[in-house]
Amino acid sequence: MLKIENLSVNYGYISALSGVSLHVTEGEIVTLIGGNGAGKTTTLMAVSALVSKFSGSILFKGEDISKISPDRIVRKGICHVPEGRKIFPDLTVYENLIAGTIGNPSLKKQDIDCLLEENYRLFPKLKDRTKQYGGSLSGGEQQMLAIARGLMMDPEIIMLDEPSLGLAPIIVEEIFELILKIREEGKTVLLVEQNASMALSIADRGYVLETGSITIEGTGKDLLSDQKVKKAYLGV
């Protein structure tokens, strides 16, 4: 579904990514792990055309999307839930969810009503807080809202950037269970996550990014047992 080939990104004279290649097959959960500054967020931003690509290509379902605008990338069916949630604090939960449909102008009212019901089923806490302002929600609830808002555009692939950041351990477990449910609903997931142990435990495959380059790749299970990964990212 998504294929990145030899992607390099520079911020001025600083190299953020160097020759990154990876792929995500339909129906997979694929995770990118690595330390701060490794290039994980930059990879997602490059797919979303939020940074200038220095070289390389990005293919979505066989089509090169390297040179199209962010709004057109969204309309192709690629959703990006950024780090830090970035919900609209002064809008209600319902209004935040409706805002997510703007990315897919082909949605009809009946489609939107169905998507609302699907997301309320997936995120029952949000249904209980429909009229609450986004800014009044807890951190975990805001993260759920950010993910649900992305799903409201009915994407084919959803890219999640650090969904567990700053959350209590019990809420982190809930978020990862939700990611599995999202895959069960037929979505493909590209996950950037510093909680490497949790990410690899649910991922079909994973890639390790170090200073802008992929150094290790394999199944989630294999990476969990890899000695280098254990030492560097799993605290073993």
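Visitor: What is the relative accessibility of Arg75?
Guide: Arg75 counts as partly exposed, the class between buried (under 20% relative accessible area) and exposed (over 50%), for a 1.4 Å probe and protein chains only. This is a predicted model, in which local features need pLDDT of at least 70 and side-chain atom pairs count only at pLDDT 80 or more, while totals for chains, interfaces and linings use all residues. Residues are numbered from 1 along each chain as its sequence is written, and side-chain values use heavy atoms, with hydrogens and water left out. For Arg75, the relative accessibility is 47%.

Visitor: With which residue does Arg75 form a salt bridge?
Guide: A salt bridge requires a side-chain nitrogen of Lys or Arg within 4 Å of a carboxyl oxygen of Asp or Glu. The closest N and O atoms of this pair are 3.2 Å apart. The partner is itself partly exposed, at a relative accessible area of 40%. It is Asp71.

Visitor: By about how much of the helix are Arg75 and Asp71 separated?
Guide: Both residues belong to helix 2 (residues 70-76); helices (H or I, at least four residues) and strands (E, at least two) are DSSP runs, numbered from the N terminus. Because they are four residues apart there, Arg75 and Asp71 are separated by about one helical turn.

Visitor: How many residues apart in sequence are the parts tied together by Asp154 and Lys187?
Guide: The side chains of Asp154 and Lys187 meet in a salt bridge at 2.8 Å, N to O. Asp154 lies in the loop between helix 6 (139-151) and strand 7 (157-161), and Lys187 in the loop between helix 7 (169-184) and strand 8 (188-192), so the pair ties together parts whose separation in sequence is 33 residues.

Visitor: Is Lys187 buried or exposed?
Guide: Its partner Asp154 is partly exposed, at 38% relative accessibility. Lys187, at 15%, counts as buried.

Visitor: Where does Asp204 lie?
Guide: The side chain of Asp204 meets that of Arg183 in a salt bridge (2.7 Å, N to O). Arg183 lies in helix 7, and the pair ties together parts that are 21 residues apart in sequence. Asp204 lies in the loop between helix 8 (196-202) and strand 9 (205-210).

Visitor: How many salt bridges does a search of the whole structure find?
Guide: The Arg183 and Asp204 pair is one salt bridge, and that of Arg75 and Asp71 is another. For the whole structure, the number found by the search is eleven.
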